[in-house]
Amino acid sequence: MTMQANHREFFKALVRNPRRISALAPSSRSLAAAMIAQIPIDARRIIELGPGTGAFTQTMLESGISAEGIDLVELDRSLSAFLSARFSGVRVHCARAEDIGTLFSGPVDAVVSG
Ligand SMILES: C[S@@+](CC[C@H](N)C(=O)[O-])C[C@H]1O[C@@H](n2cnc3c(N)ncnc32)[C@H](O)[C@@H]1O
């Protein structure tokens with residue numbers, strides 16, 4: 001997956017719904033690294049809210065977090081499809097972040113959102 005492909009997908013989502021996306025581009029690799037560094041080292045189950053094109057997701061996977069431990073909650077239908085295609089093994093929920101209380105049960109080690 002090239003950076004250009006992520007940016008193109010992000011921009012298309014921005015044009016579709018500027019208010020919902022509220023950013024001009026996906027988070028940079030350095031921001032993603034700074035965010036993911038805050039996740040406890042022993043975290044196994046992580047929920048990410050509003051992953052967009054998956055800048056943080058990619059960094060979580062690169063840091064050794066297993067795909068099966070990650071749940072993504074993304075409201076935009078096209079971005080959800082993009083994430084499913086990009087990250088095999090990661091669960092993608094096309095849903096509202098506000099509904100996580102009904103979407104998930106059991107313990108969660110960290111919630112990430114940016
Ligand atoms: C500013 S973008 C950030 C994307 C990504 N986290 C990043 O840092 O590159 C916000 C993302 O949140 C999603 N979003 C906005 N409102 C949401 C909601 N209520 N529930 C789930 N996702 C939402 C948007 O579709 C978009 O993908």
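In this predicted model, Glu74 stands opposite Cys94, a residue of strand E3. Strand E3 covers residues 91-94, and 4 bridges join it to strand E2. The two strands run parallel. Between them the chain passes through helix H5, residues 77-86. This path from E2 through H5 to E3 is a β-α-β crossover, and its hand is right-handed.

The crossover belongs to a chain with 6 helices and 4 strands. Read from the N terminus, the order of elements is α-α-α-β-α-β-α-β-α-β.

Strand E2, residues 70-74, also takes part in the surroundings of the ligand, where it supplies at least two residues of the shell. Helix H2 (18-21) and helix H4 (55-62) each supply at least two residues as well. How many residues surround the ligand, and which are the closest? The number is 21, and the closest are Ala23, Ser27, Gly50, Gly52 and Ala97. By type, the shell holds 11 nonpolar residues, 5 polar ones and 5 charged ones.

Now consider the chain as a whole. Its C-alpha trace spans about 35 × 30 × 25 Å along the principal axes. The radius of gyration is 13 Å, which agrees with a compact globule, because a globule of 114 residues would have a value near 13 Å. Of the 114 residues, 31% are buried. Contacts also reach across the sequence: among those between residues at least 6 apart, 58% join residues at least 24 apart.

Definitions and conventions
Residues are numbered from 1 along each chain as its sequence is written. This is a predicted model: local features need pLDDT of at least 70, side-chain atom pairs count only at pLDDT 80 or more; totals for chains, interfaces and linings use all residues. A residue is near a molecule or strand if its C-beta atom, placed from the backbone, lies within 6 Å of it. Ala, Val, Leu, Ile, Met, Phe, Trp, Tyr, Cys and Pro count as nonpolar, Asp, Glu, Lys and Arg as charged, and the others, Gly among them, as polar. Two strands pair if DSSP finds at least two bridges between them. A crossover is right-handed if, with the strands pointing away from the viewer, the path from the first strand over the helix to the second runs clockwise. The radius of gyration is taken over C-alpha atoms; the globule rule is 2.2 Å times the number of residues to the power 0.38. A residue is buried if 20 or more other C-beta atoms lie within 10 Å of its own, exposed if 12 or fewer, and partly exposed in between; C-beta atoms are placed from the backbone. Two residues are in contact if their C-beta atoms, placed from the backbone, lie within 7 Å.
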